[in-house]
Amino acid sequence: MDQDFEVNKSSECSRLPLMNLTLEEDASIYLLDNGISTTMLTILFTILAVGIPGNLAFLFVVARVPYMRTITNVYLATLAVADLMFLISSIVQYNFYFTHPFRSHLATASFVGCMGAFFPQYVTYFASISMVSLVTHERYNAICKPFLYHGQQGGTRLKQSLKLVVGSWLVAVGLAGLVMVRYAKLFKTCAIWPDDEPYYDLPVQLGYCVAVSHWGLIVGHVLESIVFIVAMITNAIMCTLIIINLNTRVRRKREQNLHTPSSVDTQQALHIRNQVTRMLIANGAVFFLCQTPVIALSLGFLVENLLGVQPDVTYRKLVFAFTVCHVFVFLNSAVNPIIYNVTSRHYRQAFVEAFSRSTNKNDHKIDCNQNAVKQSHYVALAVL
């Protein structure tokens, strides 16, 4: 079938700009390889199958085990909710994207609009940055400013943490709204494909969620990158100070133990606190490592745009890299419960306890006694 004839005959394309893709090298960029699509969907659904049960399990553990209801876990539970929202919203977009033979946002945008396709992901992105930063800040205060931290009542700290969580979500919605100027407009075009296989049966109408203006594109990239970079540097500084402080405390504790040995409870509490702190540092490090490649590509896109390179030219160069890097972003939303269990025996015990509790009354009494002991350890942990 003659593609020019099809375009001219189409009432829809008569009102849309044309995109000349008659050259094979131009058209191939917009074609999705079946092998890549199948591989990506397999990877993404595998991550989804791990991430959704894992995050739900963590929420269940926090709700079921009394000594897990700490301020730190308020932030981690909120992070789990953000991860669940990201996984669910992303799989809808990716499923639409990779089940079509060409690269286009039209199928997704026709279903949920450009706002629906990208806005939930950016809300959860900024909320996740906030939660990771709040966890690090909470540990920083507990380790590096213990007198100020423990001078506050537990109820006061809990109220403050809940206010910070709510405020973080509101800020995340506001930032996502600003970033959305980069994707808010659905641009439709009609493609003139090469007149040979495998382009014969491809639809001629394509659609892409683009910036409302040139400045909208710049604002979106800059805001996304600046928030990430500032958060990463701030977290790195706090984590460095935490590690230095912990090492100093360990050295002092060893010196004190030479003269006055600590009680078993104190030593166990100290061990749990240090273990949880290292777990949270590892969790933050994984978060920023998984997000960095996408931010680096976003900055590369911005630089080329400022240098006058046309967005479609940059898109053609970076589209495959963006696709691969988004796998790491997707993976990051699934691995947190695994990190908790791998790096902390305290969290492993909580998971085991939450899923192995007996309904027998006698066993329940035993569980309550065990919880009381563990709660006392956690109280001891808090005052160190």
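Okay, quick one before we start: when I say helix, I mean a DSSP run of H or I with at least four residues, numbered from the N terminus. And keep in mind that this is a predicted model.

Let's start on the surface. There's a nonpolar patch made of Ile229, Ile233, Ile237, Leu241, Ile244 and Leu299, and together they put about 480 Å² of accessible area out there. So where does the patch mostly come from? The largest share, 5 residues, belongs to helix H8, which runs over residues 214–259. Take Ile233, which sits in helix H8: its relative accessibility is 47%, so it counts as partly exposed, since exposed would need over 50%.

Now, cysteines. How many disulfides does a search of the whole structure find? Just 1 turns up. That's Cys114 with Cys209, sulfur atoms 2.1 Å apart. The link is left-handed, with -90° about the S-S bond. Cys114 is in helix H5, residues 106–144, and Cys209 is in strand S3, residues 205–210, so the bond ties together parts that are 95 residues apart in sequence. Are those two cysteines buried or exposed? Cys114 is buried at 6% relative accessibility, and Cys209 is buried with a relative accessible area of 6%.

What about Cys144 and Cys239? The closest cysteine sulfur to that of Cys144 is in Cys239, 9.9 Å away, which is too far for a bond, because a disulfide needs the sulfurs within 2.5 Å. From the other side, the sulfur closest to that of Cys239 is the one in Cys144. Cys144 is partly exposed at 21% relative accessibility, while Cys239 is buried, at 14%.

That's it from me, happy to take questions.

Technical notes:
Residues are numbered from 1 along each chain as its sequence is written. This is a predicted model: local features need pLDDT of at least 70, side-chain atom pairs count only at pLDDT 80 or more; totals for chains, interfaces and linings use all residues. Side-chain values use heavy atoms; hydrogens and water are left out. Patches are made of residues with over 30% relative accessible area and no salt bridge: like charges are joined within 9 Å, nonpolar side chains (Val, Leu, Ile, Met, Phe, Trp, Tyr) within 5 Å. Accessible areas come from the Shrake-Rupley method with a 1.4 Å probe; for residues, only the protein chains shown count as cover. A salt bridge is a side-chain nitrogen of Lys or Arg within 4 Å of a carboxyl oxygen of Asp or Glu. Helices (H or I, at least four residues) and strands (E, at least two) are DSSP runs, numbered from the N terminus. Buried means under 20% relative accessible area, exposed over 50%, partly exposed in between (1.4 Å probe, protein chains only).
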